[in-house]
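Reader: I would like to look closely at one part of this model, and I would be grateful for a careful, connected account of it.

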Amino acid sequence: MSNDEQAIEPVGWGVLGVARIAMNKVIPAMQRGRWTRVVAIASRSADRAREAADRMGVPRSYGSYEELLEDPEVEVVYNPLPNHLHVPWSIKALEAGKHVLCEKPIARNVVEVRELQRARDRSSLLVGEAFMVRTHPQWLEVQRIIASGRIGDLRLVNGHFSYFLDDPADYRSRPEQGGGALLDIGCYPIHLSRFLFGQEPTRVLGMVERDPENRTDSLTAAMLEFPGGHCAFTSGTRMARYQRMEIIGTRARIVLEIPFSAPPDWPARLVIDDGSDLTGRGAEVIEIPTVDQYTVQGDRFSRSVRTGAPLPVPLEDALLNMAVIDAVFRSAETGRWEPPRAAD
Ligand SMILES: NC(=O)c1ccc[n+]([C@@H]2O[C@H](COP(=O)([O-])OP(=O)(O)OC[C@H]3O[C@@H](n4cnc5c(N)ncnc54)[C@H](OP(=O)(O)O)[C@@H]3O)[C@@H](O)[C@H]2O)c1
């Protein structure tokens, strides 16, 4: 760490809602951060907020989100609300003079992202999308290996992400709240394939199966055509829990064993194999030192607030990701290839 970085004053964060991701993962991780202090948490219920603050050791609790936005020590708002509330509450936070780190997906569609972008542009504040994978060292290592030429030319990014959900009360089971597989988990392979190709897909083909009862997309697959190659992925909310990504070049492939939910107490593993021995005996396994990706995410955002360093996932990137998500849904309706449309 440089002397300049040591001198950085920690940034005060406030959390909207007592979301599971915040309580179980993000708050404890940010509390271990070098540049991040969680100073307040708000809930629609004052009791729930107080209990959460006591449990997590957060100094202040509020019985409404509005009160938290008035707290002068809150410089950044972390927004882990259900997806339909991402844009409305991120805009309120900007209007209260706060930077915003909003959970993925940052909105339900491109129209909403543009609305948030207009609010961000009226301010001089930062808005980032919480794709924590983007700064996990395993993905930075994959990017480095591709750049080194070791796997040859990158041709294919293959991904799968699934879990089994049958809770009708979960916002993921409600289409109007931004539920369904593509917005919840299909967004990851889209984000990561765009990151690795360093390009935007020119057209996409989507296949969607909807749950007969709640009408969310419970099984969604897509193909993305990039100038440099293809991405194919599947995602499902009524399937066994599983996640995997494979990155295939002209000379070798890389497998990420836990590509999205890399645990904070277990080293991430990359398997690199040139295929010369089909039993896998020729593969090299690279262990990535254990990190908590949510600590890294919080600190990177805090550092951007203090130093003006670029955000890992700024709103411009979030807009392009959302344009691909929209195009996958559109393609599933039309049955045709669809180009992503981010522009007005
Ligand atoms: N990056 C990751 O690794 C990751 C992992 C999981 C989830 N996420 C994202 O994080 C967000 C939250 O997911 P989650 O599973 O943690 O959510 P959750 O447990 O269902 O919590 C959402 C919170 O939002 C508040 N809320 C406000 N209005 C609500 C409404 N109308 N209905 C339900 N809750 C409402 C509630 O807090 P109060 O009642 O206390 O106000 C609730 O606790 C989603 O956007 C999801 O995509 C990200």
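Reader: How many residues surround the ligand, and which of them are the closest?

Author: The model is a predicted one, in which local features need pLDDT of at least 70 and side-chain atom pairs count only at pLDDT 80 or more, whereas totals for chains, interfaces and linings use all residues. Residues are numbered from 1 along each chain as its sequence is written, and side-chain values use heavy atoms, with hydrogens and water left out.

The ligand is surrounded by 24 residues (a residue counts when one of its heavy atoms lies within 4 Å of the ligand), and the closest are Arg20, Ser43, Arg48, Tyr65 and Tyr294. By residue class, this shell holds 13 nonpolar, four polar and seven charged residues, where Ala, Val, Leu, Ile, Met, Phe, Trp, Tyr, Cys and Pro count as nonpolar, Asp, Glu, Lys and Arg as charged, and the others, Gly among them, as polar.

Both domain 1 (3–132 + 296–313) and domain 2 (136–290 + 322–334) contribute at least three residues each to the shell, with the domain bounds taken from an automatic or database domain assignment. Helix 2 (20–31) and helix 8 (181–197) each supply at least two of the shell residues, helices being DSSP runs of H or I with at least four residues, numbered from the N terminus.

Turning to polar contacts (pairs of N or O atoms within 3.5 Å), a polar side-chain atom of Arg48 lies 2.6 Å from a ligand oxygen atom, while a backbone N or O atom of Leu81 is 3.4 Å from an oxygen atom of the ligand. Glu103 places a side-chain N or O atom 3.1 Å from a nitrogen atom of the ligand. Of the 900 Å² of accessible area that the ligand has on its own, the protein covers 84%, as computed by the Shrake-Rupley method with a 1.4 Å probe.

Note on methods:
Polar contact = N/O pair within 3.5 Å; in protein donor to acceptor, adjacent residues only side chain to side chain.
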